[in-house]
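Student: I am new to this structure. Please take me through one part of it closely, step by step.

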Amino acid sequence: MAQQGRYRILMAKAGLDGHDRGVKVVSRALRDAGMEVIYTGLHQTPEQVVRAAIDEDVDAVGLSLLSGAHMTIFPRILDLLRQEGGGDILLFGGGTIPEDDVLTLKQMGVAELFTPGASTVDIVDWVRAHVGRPTEASAGR
Amino acid sequence: MATETPAGELVDRLLAGNRRAAGQVISRIEDESPDVESIMRGIFPHTGNAYVVGITGPPGAGKSTVVDELIRVIRASGKRIGVVAVDPNSPFSGGAILGDRIRMMRHSSDTGVFIRSMGARGHLGGLALAARNTILVLDAMGFEVVLVETVGVGQSELEIAGTADTVALVVAPGMGDGVQAIKAGIMEIADIFVVNKADHPQANKTVADIRDLLRMEIAPRAWTPPIVKTVAIRNEGLEDLWIRTRQHRQYLERSGELENRRKLRLEAEILEIADRRLREQVLEPSTETEEFQQLLDRVVHRETDPYAVADRIVPRPGLGGV
Ligand SMILES: Nc1nc2c(ncn2[C@@H]2O[C@H](COP(=O)(O)OP(=O)(O)OP(=O)(O)O)[C@@H](O)[C@H]2O)c(=O)[nH]1
Ligand SMILES: [Mg+2]
C-alpha cells in the first residue's frame, strides 16, 4: 500500500491573547479530514513556529493571529522559513486582517488568509487543494 | 511539486547538522519511502553514541510534562537532546492531532533540542521500526540523549520502550485503578518508576502500591528499580529522576549489560530485516505459482496437509537443506 497524499500541518497561535478556540476548531476539522496536525499551543513566536515546522517537516503552517501584529509576524515567519531551507512550506493564516494587508501579505508569499467569516469546510478544502505531497506513484523515483 | 532530493545528499546534509534535511529524512522513514534502506545504511556508521531513555506510561500521567522538565535539567549540563514523541492515537479518519509538543514549546528556541512528533498512521513496517530509525537519525545528528515518549498500552509501544537503554514508567496517583493502570508487560521493562503528580494526596499510596507490586515479582532483578516522586508542573523531582537515570546507565555500563542489550537488539534487527526479505522474496512469491495453487486445492480437499506443502517451500529439518 503506497502512501496516500500525506498531509502534515503545523497549527500555531501567535500573539498575546489567550483565544485558541478558533485554531483548535480548525485543527480538529483538519484531523477529521484525515490529516496529521501538530498543535503547538498559544503565544508562539515566529522563531518557535519555524523551528517546529522544520523539525516536524510539515507541508504547511497555519497561523492564527488576532492581535494586529500580522504585518510583522507573517513576513518574519516567511523570512525564517526561507533561511532554514523551508521556503517550500506553505504558510496560511487566519485572523481579522484588513483587505489591503491581505493583498500585501499574499504578494509577500503568504499562501492564503482566512477572515473570521470563513468556515472550517472552506479551510479544509483549501488545504486539500493546495497542500500535500505527491503520492509514491505520482512522485516517480 | 518539488522534485525529491536524492537520499545520499539528504544524508550528507543531516550528518553536517542540517535540521531541514533531518526533518525530511524522518518523513521518508515515516512514509516508508523506497530509499529508507539506503538512507539508514548511510546513517548507521554514525550512530551508537546517543543514550536513549524511554518515557512511557498511561495516557495523561504527565509524560510530556516530565519530558519537558527533563530537557531543562539535561540541557543545564550542556548535552544536546533529541525527542521522539509517539502518539498512536488516531481516529478512524486516519488523521491525528499530535499534542505532546505543546508542553515542550519553550525548548523550540533552543538549537540544542530537536523534537519530532509521530503518529501511528500508515506505518506498514510498524510504528516501532519508524521510531527506531528516527532515534538513529537523531543519534547520527549528534544528539547525546534521545528521549522517547510513548503511551504504555499496545504492543508497538512496548516494542518502542524496549529499544531504550533506560525505561522510565510514569504513573500518576488517583487515576482510576491507580497502579492497575500499569499494564502487564510494561511493569517488567521499567527500570525506574516515576510517580508524577506527587502533589496529589494519594501519591504515597501509589508509591507503596508499586513497592508491593515489585515485591510480588517472581523473576529476580539485578537492578532494583527506584521509585521517584515528581511534580512535573512545579519542577519538582526531575533532578532526582535524571540522577537515577544516570545511575541506571552506570549500572548497565559496569555490568556489561548495556553492551549486551544493544547487541541483542542489533541481532533482533538483523533477523527482522532478513525475515522481511525472506517473506517478500521467497515465501510470498512461492504462493503465486500454479503448482502452489493446485497443492492448496488439494489441502482444501484433505488430499494432502499444510505441513507437506510447507515442506516444499522450506524443507523440514532432516529432509536436506534449502
Ligand atoms: N497536578 C499535577 N498535574 C500535572 C503534573 N504533571 C502534569 N500534570 C498535568 O497533567 C495533564 C497531562 O499532562 P501531559 O504531560 O500532557 O501528560 P501525558 O502523559 O504526556 O499525556 P498523553 O501524551 O496525552 O498520554 C496536564 O494537564 C498537565 O498539566 C503534576 O505533577 N501535577
Ligand atoms: Mg504526552
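Student: How much area is buried between chain B and chain A, and what share of it do carbon and sulfur atoms give? Please take a close look at that contact, and at what chain B does around it.

Tutor: First, a caution: this is a predicted model. The area buried between chain B and chain A is about 3,100 Å². Carbon and sulfur atoms give 50% of that area. Area is a common yardstick here: the size of an interface is often given as the accessible area lost when the parts come together.

Now the residues. Chain B puts 35 residues into the contact, and chain A also puts in 35. Between the two chains there are five salt bridges. Polar contacts link 17 residue pairs across the same boundary, both partners being at pLDDT 80 or more. On the chain B side, the elements that give two or more residues are α2, β3 (96–98) and β4 (113–119). Helix α2 of chain B gives the most, with seven residues. By class, this side of chain B has twelve nonpolar, 14 polar and nine charged residues.

Look next at single pairs. A:Asp55 and B:Arg19 form a salt bridge, with 2.8 Å from N to O. That pair runs between chains: A:Asp55 sits in helix α2 (residues 46–55) of chain A, and B:Arg19 sits in helix α2 of chain B. A second salt bridge joins A:Arg8 to B:Glu30, where the closest N and O atoms are 3.4 Å apart. Over all chains, the structure holds 36 salt bridges.

Stay with B:Glu30. Its side chain also meets that of B:Arg116 in a salt bridge, at 3.4 Å from N to O. So which parts of chain B come together here? The domain assignment splits chain B into domain 1 (1–45) and domain 2 (47–255), and these bounds explain why B:Glu30 falls in domain 1 and B:Arg116 in domain 2. Across the interface of these two domains there is one salt bridge.

That internal interface deserves its own look. The centres of domain 1 and domain 2 of chain B, taken over C-alpha atoms, are 26 Å apart. Their contact takes 18 residues from domain 1 and 20 residues from domain 2. Together the two domains bury about 1,500 Å², with 59% of it on carbon and sulfur atoms. Three residues stand out: B:Arg19, B:Ile26 and B:Glu30 supply 40% of the area that domain 1 buries against domain 2, more than any other three residues. B:Arg19 and B:Glu30 are already familiar, since each has a salt bridge to chain A, B:Arg19 with A:Asp55 and B:Glu30 with A:Arg8.

Polar contacts add to the picture. Six residue pairs are in polar contact across the domain interface, both at pLDDT 80 or more. The elements of domain 1 that give two or more residues to this side are α1 (7–15), α2 (19–31) and α3 (36–43) of chain B. Again α2 of chain B gives the most, here with eight residues. The domain 1 side has eleven nonpolar, four polar and three charged residues.

One last stop is the ligand. Ligand 1 is surrounded by 16 residues, and the closest are B:Lys63, B:Ser64, B:Thr65, B:Arg103 and B:Asp199. A polar side-chain atom of B:Lys63 is 2.7 Å from a ligand oxygen. For B:Arg103, a side-chain N or O atom is 2.5 Å from an oxygen atom of the ligand. B:Ala232 uses its backbone instead: an N or O atom there is 2.9 Å from a ligand oxygen.

To recap, follow α2 of chain B. This helix gives the most residues to the side of chain B that touches chain A, and the most to the side of domain 1 that touches domain 2.

Methods. Residues are numbered from 1 along each chain as its sequence is written. Chains are lettered from A and ligands numbered from 1 in the order in which they are written. This is a predicted model: local features need pLDDT of at least 70, side-chain atom pairs count only at pLDDT 80 or more; totals for chains, interfaces and linings use all residues. Side-chain values use heavy atoms; hydrogens and water are left out. Contact means heavy atoms within 4.5 Å. Buried area is the accessible area (1.4 Å probe) that two parts lose on being put together, summed over both. A salt bridge is a side-chain nitrogen of Lys or Arg within 4 Å of a carboxyl oxygen of Asp or Glu. A polar contact is a pair of N or O atoms within 3.5 Å; within protein, one must be able to donate a hydrogen and the other to accept it, and residues adjacent in sequence count only if both atoms are side-chain atoms. Helices (H or I, at least four residues) and strands (E, at least two) are DSSP runs, numbered from the N terminus. Ala, Val, Leu, Ile, Met, Phe, Trp, Tyr, Cys and Pro count as nonpolar, Asp, Glu, Lys and Arg as charged, and the others, Gly among them, as polar. A residue is near a molecule or strand if one of its heavy atoms lies within 4 Å of it.
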